[in-house]
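Hi everyone, thanks for coming. I'd like to walk you through a structure that may be new to you, so settle in and have a look with me.

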Amino acid sequence: MAITAQEVNKLRQMTGAGMMDCKKALVEAEGDFDKAIEYLRKKGQKLSEKRADRETKEGSVFVRMNDDASTAIMIAFTCETDFVAKNDDFQALGNEIADAAMANNPADIAAVNAMSLGDLTVQAKVTELVGKIGEKLAVTAYEIISGEKVASYIHSNGKLGVLVAMTGVGSADVSEAGKDVGMQIAAMNPVALDKDGVDASVIEKEIEIGRDQARQEGKPEAILDKIAQGKLQKFFKENTLLSQSFVKEPKQSVAQYLDSVNKGLTASGFKRVAIG
């Protein structure tokens, strides 16, 4: 049947799909708009399956906080190219997903994808946009954190985000301090908040490395464990947040910096999400 340019344009306005895709969908659906929209959604699903093995190393991090900044969520919405990451539709859907995650408090990424966005789930919306854009898209990270106050930092490229939970806030304005610590986490990528948060397997590995290094330096077997413990303490200082030298003032640790901002102020947890 003959499909008019007006009909093609109408479907394009409704779906955002390309002109040729809209025309083909209307031909396949014999002019039925509902069937044409369903056709385009299925096309998106097929494209998703076809590109399932592609890597999504571009995209954006989105952060949302509740009104009193005591809880925040962070998602990574990813794609294949930087060009698509800057696409208005991609950014709009990322923002929609972040809003819904803040409102619904999902447990994990699977629950994020199962949330409703209007009459479709997040996963269906993503699939629909895949059909329009032609790239693999996915929510690849989701984090939530709570504290007396939560601060956030998103790096200028939009691909790296941090959430920092703080305690001992009192009546102080700690937003700038929280952002500073967020920048520290972004730059230094600590493995844990403090030594108590370091996984036992990591500690065991570091002790073994310390022993091997000392042995290769010709140190006596009797003192290898003592040397390894010293190296482990250095590892904690360099790789756990509160013990790290504060980047903006290296003579202070992060713990000392926070305490100088407000007596008793400290970080109680953090989340870091990086794309690529």
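Let me begin with a definition: we say a charge sits over a ring if NZ of Lys or CZ of Arg is within 6 Å of the ring centre and within 35 degrees of the ring normal. Keep in mind, too, that this is a predicted model. With that in hand, which residue lies over the face of Phe33? It is Lys10, at 4.6 Å from the ring centre.

Now let's turn to rings that meet other rings. How many aromatic pairs does the structure hold? There are three, and I'll show you two of the pairs, starting with Phe77 and Phe90. Their ring centres are 4.4 Å apart and their planes sit at 5°, so this pair is stacked. Phe77 belongs to strand S2, residues 71-79, while Phe90 belongs to helix H5, residues 88-104. The two are 13 residues apart, and the pair links distant parts of the chain. Are these two rings buried or exposed? Both Phe77 and Phe90 are buried.

The next pair is Phe246 with Tyr257, and it is stacked as well, with 4.0 Å from centre to centre and 15° between the planes. Here the link runs from strand S8, residues 245-246, where you find Phe246, to helix H11, residues 254-261, where you find Tyr257. Eleven residues separate them. Phe246 and Tyr257 are both buried.

Next, please find Glu135. It lies in the loop between helix H7 (122-133) and strand S5 (138-146). Why do we call Glu135 buried? Its relative accessible area is 9%, and buried means under 20%. What does its side chain do there? The side chain of Glu135 makes a polar contact with the side chain of Thr81, at 2.5 Å. Leaving aside residues up to four places away in sequence, Glu135 touches Arg51, Cys79, Glu80, Thr81, Val84 and Val130.

Another buried residue is Ile37, with 15% relative accessibility. You'll find Ile37 in helix H3, residues 33-50. Again not counting residues up to four places away in sequence, Ile37 touches Leu11, Met14 and Thr15. Here is one more distance to look at: Ile37 and Glu128 are 91 residues apart in sequence, and their C-alpha atoms are 9.7 Å apart in space.

On to the strands. How do strand S6 (residues 149-154) and strand S7 (residues 160-167) run? They run antiparallel, and six bridges join them. One place to look is Ala151, which stands opposite Val164 in S7. A general point helps when you look at side chains here: in a regular strand they alternate between the two faces of the sheet. The hairpin of S6 and S7 has five residues between the strands, and Gly158 in that hairpin takes a positive phi near 75°.

That brings me to my last topic, positive phi in residues other than glycine. Ala69 has a phi near 55°. Ala69 sits in the loop between strand S1 (58-65) and S2, and at 18% relative accessibility it counts as buried. Asn105 is not a glycine either, and its phi is positive at about 50°. Look for Asn105 in the loop between H5 and helix H6 (109-114). And remember H5 from earlier: Phe90, the stacking partner of Phe77, is in that helix.

Thanks for listening, everyone!

Definitions and conventions
Residues are numbered from 1 along each chain as its sequence is written. This is a predicted model: local features need pLDDT of at least 70, side-chain atom pairs count only at pLDDT 80 or more; totals for chains, interfaces and linings use all residues. Side-chain values use heavy atoms; hydrogens and water are left out. Helices (H or I, at least four residues) and strands (E, at least two) are DSSP runs, numbered from the N terminus. Buried means under 20% relative accessible area, exposed over 50%, partly exposed in between (1.4 Å probe, protein chains only). A polar contact is a pair of N or O atoms within 3.5 Å; within protein, one must be able to donate a hydrogen and the other to accept it, and residues adjacent in sequence count only if both atoms are side-chain atoms. Contact means heavy atoms within 4.5 Å. Rings of Phe, Tyr and Trp (its six-membered ring) pair if their centres lie within 6.5 Å; planes under 30 degrees apart count as stacked, over 60 as edge-to-face and the rest as tilted. Two strands pair if DSSP finds at least two bridges between them.
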